[in-house]
Each structure stands twice: as C-alpha cells, then as structure tokens.
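Dear colleague,

I am passing on the structure we spoke about, with some notes on what turned up in it. Please keep it open beside this message while you read.

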Amino acid sequence: MIHTLMVPCHFGLEAVLKREIYDLGYEILKTEDGRVTFEGDDEAIAMANIHIRTGERVLLVVGSFKAYTFEEFFDKVEALPWENYIPKNGKFWVKKASSVKSKLFSTSDLQSLGKKAMAKRLGKIYGIDWLPEDGAAYPVRIFINKDEVTVALDTTGESLHKRGYRVRVSKAPLEETLAAALISLTPWHKDRILVDPFCGCGTIPIEAAMMAANIAPGISRNFQAEDWTNLIPKSTWKDLREEAKEEINLDVETNIQGYDLDPEMIEAARDNAKRAGVENLIHFQARDVKDLRNPKKYGFLITNPPYGERLMADDEVSGLYKTIGDVYKGLDSWSMYLITSFDKAENFIGRKADKNRKIYNGMIKTYFYQFMGPKPPKRKNTVDE
C-alpha cells in the first residue's frame, strides 16, 4: 500500500531533512515550514523511522481537508478510511492537535471530536456499538493551518531524537536530531577533524561519530508502528535492522574530539558514547575553551556554546564569545560553526560570519553562525604500477 508520510522538523532545517529522505530513495511530495511530505510503501514507514537523523517523527497521513465548523470537521474525520489502518481491537485517540490561523482553534475540542468521529466510523464498519480498544495503540495527530486539516497516525511514538544512548545529560542539551542537522549543514566529512569545545554530554561528537560509522540513528530503539502487524510485519523491522547493522563500519578512521570544562560532563559524554557504540571513535577531555590548540589545518569547530537563556549572565556571555574568537584566530585554516541565541556573537568573536542561518530550537530563535575556512587542496590519486 502506498502512503503519504509527513516528517516534522525544526524550522530552518527542511532542506537537510529533504535531502535525507531523497537519499533513502523516496519521492518528495512537498516541503513546507517545519515539515517534509513524501510518498512510500509500508516498508518506508520502518525505513524512515530507523534511518532519519534530522526529523522529529514519521506521520502516516490518513487524510487532508478544509474545515470551517466543528460539524464539518467531525463529518470529514468520520469519512476517512480508518478501517484501513486501525483493527477492530485497536486503541486510538487524538494525542495532539494544533491550530494556526484557523477558525477552529480549540485543540481540546478537536481532540474530543476527532476521537468520537473515528469511533463512529469504526463502530459502523466493524458492526459493534462498543470498541474494545485492548490491542495495539494508534495515536493520532491533527494539524490545522489556515483551515486546512491534516489528520495523521504517529508511527514513531517517542520523538526520533530519543536514540536511546543519552542517559546522562547537561543542563541545556541539544537534541540529537538538531545536532545531526547542524553537522549536515557543514561540509564536514569523516576524514576531517571535528572539535566541539563545549560538548556537554557529548551529543555533537556522538552524532558525528554515528554518521562516520554509518550507524542508523534508530537502530537500537523501538517505534510505535512495530505493534501495527496489520500494516507492517514484524519481519520487516527485523530485516531492515539487520541490513542497517551490516552497513556499520566501526573501523573507520576518525578525529573527533569533545571538550568541556566540567569533568562530570566529560564522564557523562563517555558513558553516552559507549551506549551509542562509538566510544572508540571520539576523544573526550576536560578542558577550558581558552586552552584549545591544534597544529593541524582544515579542521572544524562545530559547537553549541552557552548563551543568555542557557546558564550565563550577559557579561559572562560577551567574555566567552571574545575567547571563542581569540581561539578561532589561532586555528590555521579551520572552519567554525556555532549555534546560539546570542545575536551579538559576531561582534565579540571579531568577525562577521560568512553565513547566518536562523533555526528555531523549540521556541528559542537561534542563529547558526558559519565561519568558512579555506578548502583543503585536493589529494592526488596515486596508482600503483
């Protein structure tokens, strides 16, 4: 069966997610603010959940329609082919509803009416007045934007950023999906140096190492749709995980480093890296950013330094960013990429960024400052005679 699948993401990262889905071999139907929609079969649901690094969840779109009144909304939800997805004993509810610039804005009413409309349809189809709902769970999400309603089943469950490796976290950790997206926005490659001088619990270095070793982000966790055996056989998930395991290369040579001032965070980062299976691909060390030196050329700083909303007073922030600028000047031919909500970062770093991308980290507007170093010279190919 061919499905319409929708993947939400952080605002500003749609292009990265789009490329990921395209690389998995699926046709993109449309790209909107904060989400990418594509077409795929039953297997695509499992494939997307296991392999997508930068999206929040994989939603199976049951239907879309315009609705201006609650009566119209109820009737159109009831008209959707729920029996194609939810079996007779399936447990179902509207887990979340959101409304933007629409006449229907009461999310609690949308959730309640959505559930009742689904129950009415399924009761008629299965010929029963009371649905047992003692089987697998089928959570529903409803989005309304400018009166256009999209109704979808959540195939993921816990958000895709929950890889399973991060048990110990810092006070203001970067989500794994956002960390992976930031790395993807740079030209970093696994044969280049990557340093995160504010690594906290290790998210950026760990995501980079997983990418270098070709470890699928969802390989070690479970997903909501694994219980939907009426749609996807258990064997599909098993086979795709086995294929993903075969593609892992832990012998890859890397130079990925993570530093933090707090020794406890470094210990947490090592623990997290071990759970992710990449502890041998990263060097973690307790070190102040001001002590950062590296004699090698063409490296990458990719980092999420502290800022106003995160733990520091304004004068501390300005001093820190001046230190970052001084350290960067001493790194010959390096590139630096940092995400922050501190809009005066360039002033204190002492250089205007080559690119500045706005990304919403939850409700916080952040800037992804990109300072480009020179490209390394191309290596000459040598052929053994």
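The lining of the largest pocket, sorted by class, has 10 nonpolar, 7 polar and 10 charged residues. Please bear in mind that this is a predicted model, and that the pocket described here has a volume of about 1000 Å³. The residues that line this pocket number 27, and those closest to its centre are C9, F11, D33, G34 and F143. Which elements give two or more residues to this lining? They are the strands β1 (3-8), β5 (91-100) and β6 (137-145), and β6 gives the most, with 4 residues.

Strand β5 is also where K96 lies. With a relative accessibility of 47%, K96 counts as partly exposed, because that value falls between the 20% and 50% limits. If neighbours within four places in sequence are left aside, K96 is in contact with Q111, V140, R141 and I142. The last of these, I142, is 46 residues away from K96 along the chain, yet the C-alpha atoms of the two are separated by 6.4 Å.

The cysteines deserve a careful look. C9, which is among the residues closest to the centre of the largest pocket, counts as buried because its relative accessibility is 4%. C199 is buried as well, with a relative accessible area of 5%. A disulfide is a covalent bond between the sulfur atoms of two cysteines. How many disulfides does the structure hold? The number is 0. In the case of C199, the closest cysteine sulfur belongs to C201 and is 8.1 Å from its own, which is too far for a bond, because a disulfide needs the two sulfur atoms to be within 2.5 Å.

Turning to the interior, the largest nonpolar core has 92 residues, and W82 and V278 are those with the most contacts inside it. Not counting residues up to four places away in sequence, V278 touches I206, A209, M210, I215 and A273. There is also a second, separate core of 25 residues, which includes V195, V289, L301 and L338.

One last residue to find is S318, which lies in helix α9, spanning residues 314-329. Is S318 buried or exposed? S318 counts as buried, because its relative accessibility of 16% is under the 20% limit. When residues up to four places away in sequence are not counted, S318 touches F342 and F348.

With best wishes

Conventions. Residues numbered from 1 in each chain as written. Predicted model: local features only at pLDDT ≥ 70, side-chain atom pairs only at ≥ 80, totals over all residues. Heavy atoms only, no water. Buried < 20%, exposed > 50% of the residue type's maximum accessible area, 1.4 Å probe, protein only. Contact = heavy atoms within 4.5 Å. Core = buried A, V, L, I, M, F, W, Y, C linked by side-chain atoms within 4.5 Å. 1 Å grid on protein atoms, 1.4 Å probe; cavity = no way out; pocket = protein on both sides within 12 Å on 5 of 7 lines; lining within 4 Å. Points joined across faces, edges and corners; volume = space filled by probe spheres on them. Nonpolar A, V, L, I, M, F, W, Y, C, P; charged D, E, K, R; others polar.
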